[in-house]
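Take a moment to turn the model around on your screen before reading on. Then we'll walk through it piece by piece.

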Amino acid sequence: MTLLLEAKESLAMALSALRTNKLRSILTLLGIAVGVFSIIAVMTAMGVLVNSIQGGMSWLGAHTFQVQKYPMFNSGTASEEAKLRNRRDITYEQAERLKEHVTLAKAVGVFCFVDFGKVVVSPRGEKTNPNVFLAGRDIDGFLANNWTIADGRLYTQEEVESAKRVAVLGMDVVKKLFPKTDPIGQTIRIDGREYDVIGVVSRRGGMLGGSGDYHVTIPITTFFSVYGKDHRLGIKVQSLTPETYEDCIEQVRGILRTVRHVPPGEEDDFYIWSNDSLIQQFNDLTKYVRLGIFLVSAVALIAAGVGIMNIMLVSVTERTREIGIRKAIGARKSNILTQFILEAIVLSEFGGIIGIILGIVAGNLAAVFFEIPPVIPFDWAAIGFTICSIIGIIFGVYPAWKASNLDPIESLRYE
Amino acid sequence: MNNSEVINLQQIIKTYDMGGAEEVHALRGVSIQIRKNEYVAIMGPSGSGKSTLMNIIGCLDTPTSGLYEFNSVNVSEMNDNQLAKVRNKEIGFVFQTFNLLARSDALHNVELPLIYGGVTSADRKRRAREALEHVGLGDRIHHKPNELSGGQRQRVAIARALVNQPSILLADEPTGNLDSKTGDEIMQLFEELHRQGNTIILVTHEEYIAEHAHRIVRIRDGMIESDQTINKRTPALADQGR
């Protein structure tokens, strides 16, 4: 008897057994489906997020990177904290030196911001929530961000040099404070200081669920005069072309090391946020989340496997007579063994497929939510499917072995 | 006519160990020879050992001692897989309770021995269809057992028994679950099959069923009580190449 023939026969039988006991089969499948679902859903969601970063859809924008004193996420250990605390700030002068020397960048923008959100007050006394992102930027800061002005104008170099109290608003701030009136020419107040609104930045959408348009930008010099120079300073660099992106990162790294007098052989005393490093950090950060989900799913799958074993044992008992008939007409032990193991595998894989499909759908809800392209994690689907098959084998072997060792005479008499 | 022995049982003893010192002697030295194209009835009251004898002849069980040759091959010491192969190729079972797979249609039920015999799909379907036509069920091949009458179910079972062209047809009370009219039809079918050259062994406790056979072997207390050949007016026709 060829294996293919046997597999085909067993598959047909397994499907007919599933059809006969619909409710029972569905309940058994459910356990497997849930276990696989959680793995696939989480891995799909992670894939969507990583993909969105890779696709340059993060706030970094296409072939853009950012230099800051701190990494985006830190490990939180005491030694790491101490090391980061002792780092020297990146200064405006260092950024200026970088601008002079860099050749592979299309734009080098400097920006400065405060850690927490600000309240912005309109002339009529209306207030925003205290979560407006206030930053000081130079003019190149707009170029490096690929920001365009939707309304009004950007501040001039003269206004930057003379630290004018002017502001460019994000769309959501406009929507909140000036829902009906033209914001240009109005005066807003932040921390008790007045700024003239001269422009509005085009909508750029959110990243990871946050609003990207809840911001106010003022000239960087104005920011220094109001909040002092010791605030977090960042440099945003856009490379000339996508091809020169890596080279540009290395060039900026080299210039900054020179400017900041980092001895050769020592690690950078600043951090470059590129899409690659973002993915790296994202993966590091979510490592334990994934591990946790994996363990929980493993427990769920083992529980589901026990369920399969239970239902297979019931099935063997119920079908004792059938086994007797098959043996009487010439089925060998191995035929019966294969039949029942395949049945357990089919049951398990059926649940697995349901889990995989639902998991991919659920994981891609993240994509819909963040308005980024969906992902189908073929690798994880294959892994999930394999795991199901293995569970089917492991938990199907004992019932199948039991079935194959039934005595044909006893089985034929079984009522 | 070929007079070679299909079945040769020599001093078959079967003892069941019921645990402890207790033993049941189901067969206590049974010797029978059955030739090709014989139509034998094995009779005996319940507890006589006839079921045990049938199980041994059907290679479902092995004797405790004694020699069993099937087509001159010693099967008394075969292992499970070898016995399964003999059952598949050489023995066609017909049971009192039909023993069809309830979820499968007639065609698939008849195909089953061919599946275990490793016959390819197209060949299998053709042969199963032919076997069903042979027992007069050519128009019922896609009916499931619960859509068939008792007599039709037994015909499916007979088709299944015949599909691998076995050396013997082993029928255990084949009319036990049928009304007398249907039972007679089934017995006529057996006679027809016998005329076509099949070797038939019928196990029954009913005298009028046993009378269809040409030889009656009576079992009592695990031993052969009598073995008589009945002269029938219609001798078996020529061997049809089996």
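Let's start with a definition: two strands pair if DSSP finds at least two bridges between them. With that in hand, here's a concrete case from this predicted model: Val40(B) has Arg215(B), in strand 9 of chain B, as its bridge partner.

**Chain B as a whole**

How many helices and strands does chain B have? There are seven helices and ten strands. Along its principal axes, the C-alpha atoms of chain B fill a box of roughly 55 × 40 × 35 Å. A compact globule with 242 residues would have a radius of gyration near 18 Å, and chain B agrees, because its own value is 18 Å. Of those 242 residues, 46% count as buried. If you take the contacts in chain B with a separation of 6 or more, 69% of them come from residues 24 or more positions apart.

**The six-stranded sheet**

Now look for an open sheet of six strands in chain B, ordered 6-7-8-3-9-10, with mixed pairing. Its edges are strand 6 (91-94) and strand 10 (223-229) of chain B, each of which pairs on one side only. Ignoring direction, neighbouring strands of this sheet are turned by 15° against each other on average.

Strand 3 of chain B is a good one to follow. On one side, strand 3 (residues 39-43) pairs with strand 8 (residues 199-204) of chain B in the parallel sense, over five bridges. Strand 3 also runs parallel to strand 9 (residues 215-220) of chain B, and four bridges join those two. Here are some residue partners you can pick out in this sheet:

| Residue | Bridge partner | Strand of the partner (chain B) |
|---|---|---|
| Tyr39(B) | Ile200(B) | strand 8 |
| Ala41(B) | Leu202(B) | strand 8 |
| Ile42(B) | Val217(B) | strand 9 |
| Ile219(B) | Ile224(B) | strand 10 |

Is strand 3 of chain B mostly covered or mostly uncovered? It's mostly covered, with five of its five residues buried. Both faces are covered: Tyr39(B), Ala41(B) and Met43(B) are buried on one side, and Val40(B) and Ile42(B) are buried on the other.

Moving on from there, strand 9 of chain B pairs with strand 10 of chain B in the antiparallel sense, over six bridges. These two strands form a hairpin with two residues between them, and Asp221(B) in this hairpin takes a positive phi near 50°.

**The four-stranded sheet**

Chain B has another open sheet to find, this one of four strands in the order 2-1-4-5, with antiparallel pairing. Strand 2 (23-35) and strand 5 (73-74) of chain B stand at the edges with a single partner strand each, so one side of each has no neighbour in the sheet. Strand 5 of chain B is joined by two bridges to strand 4 (residues 65-70) of chain B, and the two run antiparallel. Look there for Glu69(B), which stands opposite Asn74(B) in strand 5 of chain B.

**A covered helix**

Next up is helix 1 (residues 50-57) of chain B, which is mostly covered: eight of its eight residues are buried. Among them are Lys50(B), Ser51(B), Leu53(B) and Asn55(B). Just after helix 1 of chain B comes Cys59(B), with a positive phi of about 60°.

**Over to chain A**

In chain A, try finding helix 12 (residues 333-363) and helix 14 (residues 378-404), whose axes come within 7 Å and cross at roughly 145°. The crossing of these two chain A helices is right-handed. What kinds of residues make up the contact of helix 12 with helix 14 of chain A? They divide into 19 nonpolar, nine polar and two charged.

**Where the chains meet**

Finally, zoom in on the contact between the chains. Chain A gives 19 residues to the contact and chain B gives 20 residues. On the side of chain A that touches chain B, the elements giving two or more residues are helix 1 (3-20), helix 11 (320-328), helix 12 and helix 15 (408-413) of chain A. The residues on that side of chain A divide into nine nonpolar, five polar and five charged. So helix 12 of chain A turns up twice in our tour: it crosses helix 14 of chain A, and it gives residues to the side that touches chain B.

Terms used: Residues are numbered from 1 along each chain as its sequence is written. Chains are lettered from A and ligands numbered from 1 in the order in which they are written. This is a predicted model: local features need pLDDT of at least 70, side-chain atom pairs count only at pLDDT 80 or more; totals for chains, interfaces and linings use all residues. Axes are lines fitted to C-alpha atoms, for helices over the stretch in contact, and angles run from 0 to 180 degrees between N-to-C directions. A crossing is left-handed if the near helix is turned anticlockwise from the far one by less than a right angle, and right-handed if clockwise. Ala, Val, Leu, Ile, Met, Phe, Trp, Tyr, Cys and Pro count as nonpolar, Asp, Glu, Lys and Arg as charged, and the others, Gly among them, as polar. A residue is buried if 20 or more other C-beta atoms lie within 10 Å of its own, exposed if 12 or fewer, and partly exposed in between; C-beta atoms are placed from the backbone. Two residues are in contact if their C-beta atoms, placed from the backbone, lie within 7 Å. The radius of gyration is taken over C-alpha atoms; the globule rule is 2.2 Å times the number of residues to the power 0.38.
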